[in-house]
Structure formats: C-alpha cells, structure tokens
Amino acid sequence: GRRLAAAGDCVVCHTAPGGIPNAGGRAMDTPFGKIITTNLTPDVETGIGSWSFSAFQRAMREGISRDGRYLYPAFPYSAFAKTSDEDLTALYAYLMAQPAVRSATPATRLDFPFSVRPLMAGWNALFHDASPYSADPARSAEWNRGAYLVNGLGHCGACHTPRNAVGAERGGQAFLGGAMVDGWEAPALTALSRAPVPWTSSELYAYLRKGYAPQHGIAAGPMAPVVKQLSALPDEDIRAMAAYLASFNEALPEAESAERARQAVLSARQSATSLPGPGQRLFNGACASCHHDGDGPRLLGVNVPLALNSNLHSARPDNLVRTILEGISAPAGKDIGFMPAFRHSLDDSQVAALASYMRSRYAPAEPAWQDLPATVARLRAAPGEH
Ligand code: HEC
Ligand code: HEC
Ligand code: HEC
C-alpha cells in the first residue's frame, strides 16, 4: 500500500505547500479554474475516515465521491481506474492506517458551467473507461507491468499527454506526446521526443531511478517530486516502466547513441566562442562555472552537458526560462546539485538574451525562439511553487 501510494503521488497533490502530508488543501490550476485537493487522511469528519472500501474503489475507478458527487479529472481517476482490486485494497488499507488529521479544506468553486458537477457524468460517458488494466498477451510480462504502472497509478499521461478542449487526454499519436502542466512543459516521451539522443530503456531507468540520465539530463520542476516518490518502488518496477516507455521510441545502437551525444557536446563546445554578444557574456559570468561541456571541473551535481537536454531542443523556451528564474531548490536525487535562482539578479531582457544565446549554442539545428522577452515576463509573473 505504501509503495502504491508513492507510485500514485497521492501526497504530492493532497498536501498544501508547507502543510501536513495528505491533509489536502493544495490548489491545482486548471484551464477551468482552481480545484482544491481534499483531506486524504482517515479523519472521520474532514477526511476519508468514514469511507468504506467500496466508496474508495468507486472514487478511484469512476471518479464519484462517497456522497455521490462527481469528481473533476484533475484527480487522475481516469488513470487510477486501471489499478487492480487487489492493489486498491492494499492502498486503502495503507491510507486508513495513517494518522488522522482534522483539516477542513476550502471547497472548490469553478465558474459556470464547470461548477455543475453532474455534467461530469457526460464527460465520463464520453472519455472515461473505468475498467481495470487488462494485459496484452502479445507483450512480455515486464512490458505489461510497465504499462500497468505508467497508465495506472503512475498517471504519467496526466502531465505528458495533451488534452482536448474539455480536459480529456487525447489518444493515438498524442498519447504521451508532450503537454503543458503548471506552467512547465512535460516533454514527449514517445518518438515525438526532441531529445537529441533517442531515449533507451537504460536511460529511462536511470532518469526514473536516480533523477538523471547521462545522455539527457535531470528531472526538475514538477517531475522532481515524481522521481522522489518513485524511490519507494523496487528496481523491477522502474525497469518495467522504462521497458514499456522505450517501446515508444526508436533507440539507436549503443555506439551510435554515444557518438550522437559526443557530436552534440563537441558542437556546443566549438560554438561557445563563435557567438559573441550579451548572452555569451551573461552565460560566462553567471552559469559557466557550474555548466560546461565536459571540459571543466565538476563543481556541483552531475553536470550532464546542456547540449543533451531536451529543454534546449524544445519548440518552447518555458522550461529553460523557469529553471533560470527559479533555480533548483529541491533536487530529485542525492547526486543532483542545487542551482541558485536568478529571478532577482537578472532582468527580463537579460534572461531573454541568455535563453536566446543558449538556444543557438546548444540546439544549433533548431530555429530561434520567438517572443522571448514576453515569455520571460509571463513566466516571471506566474506563481511558481517548484
Ligand atoms: C494530480 C493531483 C492528484 C493526485 C496525484 C492524486 N489526487 Fe486525489 N484528488 C485530487 C483532486 C484535485 C481531488 C478533488 C477533486 C474534486 O474536488 O472534484 C482529489 C480527490 C480525491 C478523492 C475524493 C475525496 C473526496 O472527499 O471526495 C480521493 C478518494 C482521492 N483523491 C484519492 C487519491 C489517492 C489514493 C491518490 C494516490 C493514489 C490520489 N488521490 C492522488 C488530485 C490528486
Ligand atoms: C506532475 C506532472 C508530471 C507527472 C505526473 C509526470 N511527469 Fe514526467 N515530466 C514532467 C515535467 C514538467 C518534465 C520536465 C522536467 C525537466 O525538464 O526538468 C518531465 C520530464 C520527464 C522525462 C524526461 C523527458 C526529456 O526528454 O527530458 C521523462 C522520461 C519523464 N518525465 C517520465 C515520466 C514518467 C514515466 C511518469 C510517470 C511515472 C511521469 N514522467 C510523470 C511532468 C510530469
Ligand atoms: C552553483 C552552480 C550553478 C550555477 C551558477 C548555475 N547552475 Fe544550472 N544547474 C546546476 C545544477 C547542480 C543543476 C542540476 C543538474 C546537475 O546536478 O548537474 C542545474 C541544472 C540546470 C539546467 C537543467 C534543468 C532541467 O530541468 O533540465 C539548466 C537548463 C540550467 N541549469 C541552466 C543554468 C543557467 C542558464 C545558469 C546561469 C544563469 C545556471 N544554470 C547556473 C547548477 C548551477
């Protein structure tokens, strides 16, 4: 039960910033308004203390609360539904055995028509499949285990799959095809990935297990708490998720991956001196002491060369800009270092110049990002809890 709760990130959403674990009250921003998470501790009055197993099972499978209210899919029941009865039983037992915390959370009030919860019945009829995962006999047991975790409790698609106009995850090619969440981009995990070196099962395993992959980079932003939670899962489960996700990518033979990584790093090292201007000066002054292309001492953290980072190759500068503004204050794993926030030391035009320079240096084959100053101003104004 404890592992399953970790796989499902219950505590990540059901805890207010600085609040008591699982006591609820975190406001989730959705295109339809703010949805506030509930108290998931077994307190009888304010939590789930009076819930029977079947009420819990119905919430997880069908998105219906104990009193019959329809829940919003910001609670990822559309993924959790895939969980087996056996696992739901263990999860319920675990949650019910935690300390009860009395904490009434504010009610969620969305604007009309989204305030009308019964409308979710129609949503469910159109978009929700409440049946548990059924294994694909044509695939290995490992692949099926990975699919069960990724699409079930792991709810990876809740962040990585783009949604339609009414907030349902899209299927087909769009599945795990990359999406925006909390002002961050959750990159594509399939062949649509922008990573310069295609993801392999072993790189995915490293990323999910340790929070960084040597040919890609680190997990930060909203992905950092996911990796932290995954640390409760055994190696076989992480390997299974990696094997499942790898099946959506066309990996290169090992030697070719290594060569591709080497070329990307070399080209960034060469262009470091050929792009003079304010961006280069800012980078050398503020960033280069910690970030180099493998040709300097490793001061802090893992220093995976930025030329390999998907965020530099993305169509959007959001993740890079957010990292510059917010730094890294809660690394996902023990090998990863801290990075200072530059929100107060660099103004919008400096961050824009820096991002523009980094794009040409680290992703020379990609077009320049447009409207950088406006993006920086927008992201600086956005509330960031990461
Ligand atoms: C991505 C954020 C998120 C995650 C992860 C998450 N929840 Fe929730 N959960 C919510 C939100 C938001 C609501 C309230 C939905 C609403 O008001 O319609 C909710 C509501 C619930 C409810 C209904 C409570 C009630 O009083 O009606 C249950 C039960 C629940 N969650 C269990 C879980 C469990 C168990 C996990 C971990 C396996 C989990 N949740 C993980 C966001 C999340
Ligand atoms: C709360 C939203 C959220 C959830 C849930 C989530 N991710 Fe992520 N993921 C992100 C974000 C945001 C990033 C970008 C992080 C960064 O660049 O530092 C990311 C990055 C990644 C990457 C690196 C991609 C790249 O090309 O750099 C992988 C792999 C990944 N996630 C796998 C998963 C898996 C597997 C799950 C489910 C167990 C999952 N994610 C669940 C938000 C999420
Ligand atoms: C004091 C050292 C330090 C400085 C200075 C620093 N960083 Fe970082 N940066 C880190 C560490 C540590 C990480 C996490 C990865 C690691 O462990 O190597 C990181 C990660 C990143 C990432 C990857 C984020 C992700 O989610 O994929 C980017 C991009 C980045 N830094 C950009 C910058 C830029 C731009 C500057 C200059 C404005 C800068 N850094 C300055 C230490 C630093």
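This passage describes the domains, nonpolar cores, iron sites and some local features of a predicted model.

Local features are reported only where pLDDT is at least 70 and side-chain atom pairs only at pLDDT 80 or more, while totals for chains, interfaces and linings use all residues; side-chain values rest on heavy atoms, with hydrogens and water left out. Residues are numbered from 1 along each chain as its sequence is written, with chains lettered from A and ligands numbered from 1 in the order in which they are written.

The domain assignment, whose bounds come from an automatic or database source, divides out domain 1 (1-132) and domain 2 (270-381) in the protein chain. Taken over C-alpha atoms, the centres of domain 1 and domain 2 are 37 Å apart. A shared interior is found as well: the largest nonpolar core holds 83 residues, and Leu 91 and Met 358 have the most contacts inside it. Here a nonpolar core is a set of buried Ala, Val, Leu, Ile, Met, Phe, Trp, Tyr and Cys residues joined through side-chain atoms within 4.5 Å. Buried stands for under 20% relative accessible area, exposed for over 50%, and partly exposed for values in between (1.4 Å probe, protein chains only). Helix H16 (residues 348-362) is the main contributor to this core, giving seven residues. Because domain 1 (1-132) and domain 2 (270-381) both supply residues, the core lies between them. Helices (H or I, at least four residues) and strands (E, at least two) are DSSP runs, numbered from the N terminus.

Apart from the largest core lies another of seven residues, including Ile 35, Tyr 72, Tyr 77 and Trp 123. As for Leu 91, its contacts (heavy atoms within 4.5 Å) are with Gly 1, Leu 4, Ala 5, Phe 56, Met 60 and Leu 153, when residues up to four places away in sequence are not counted. Two of these partners, Phe 56 and Met 60, belong to the buried residues of helix H3 (residues 53-62), where they are joined by Ala 55, Gln 57, Ala 59 and Arg 61. The buried residues of H3 pack against helix H4 (77-80) and H5, and just after H3 comes Gly 63, with a positive phi of about 70 degrees.

Next come the iron sites. Donors are N, O and S atoms within 2.8 Å of the metal (3.2 Å for Na, K and Ca), and since water is not among the atoms, sites may look incomplete. For the iron atom of ligand 1, His 14 (NE2) is the only protein donor, at 2.0 Å; His 14 sits in the loop between helix H2 (10-13) and E1. The iron atom of ligand 2 has His 160 (NE2) and Met 223 (SD) as protein donors, at 2.0 to 2.3 Å. His 160 is part of helix H8 (residues 157-160) and Met 223 of helix H10 (residues 223-230), so the pair ties together parts that are 63 residues apart in sequence. Both residues, His 160 and Met 223, are buried. The six donor atoms around this iron atom of ligand 2 subtend angles of 88 to 179 degrees, which makes the arrangement octahedral. Six donors count as octahedral if opposite donors are over 155 degrees apart and all others between 65 and 115; four count as square planar on those terms, or as tetrahedral if all angles lie between 85 and 135 degrees, and anything else is irregular.

At the iron atom of ligand 3, His 291 (NE2) and Met 339 (SD) coordinate at 2.0 to 2.2 Å. Angles of 86 to 177 degrees among the six donor atoms make this arrangement octahedral. His 291 comes from the loop between helix H13 (278-286) and helix H14 (310-313), and Met 339 from the loop between helix H15 (318-326) and H16, so the pair ties together parts that are 48 residues apart in sequence. His 291 is partly exposed, at a relative accessible area of 24%.

H15 itself is mostly covered, with nine of its nine residues buried. Its cover includes strand E3 (179-181), strand E4 (184-186), H14, H16 and helix H17 (372-381). Just after H15, Gly 327 takes a positive phi of about 65 degrees.

Finally, strands E1 (residues 27-30) and E2 (residues 33-36) run antiparallel and are joined by four bridges, where pairing requires at least two bridges found by DSSP. A hairpin of two residues links E1 to E2, and Thr 30 stands opposite Gly 33 in E2.
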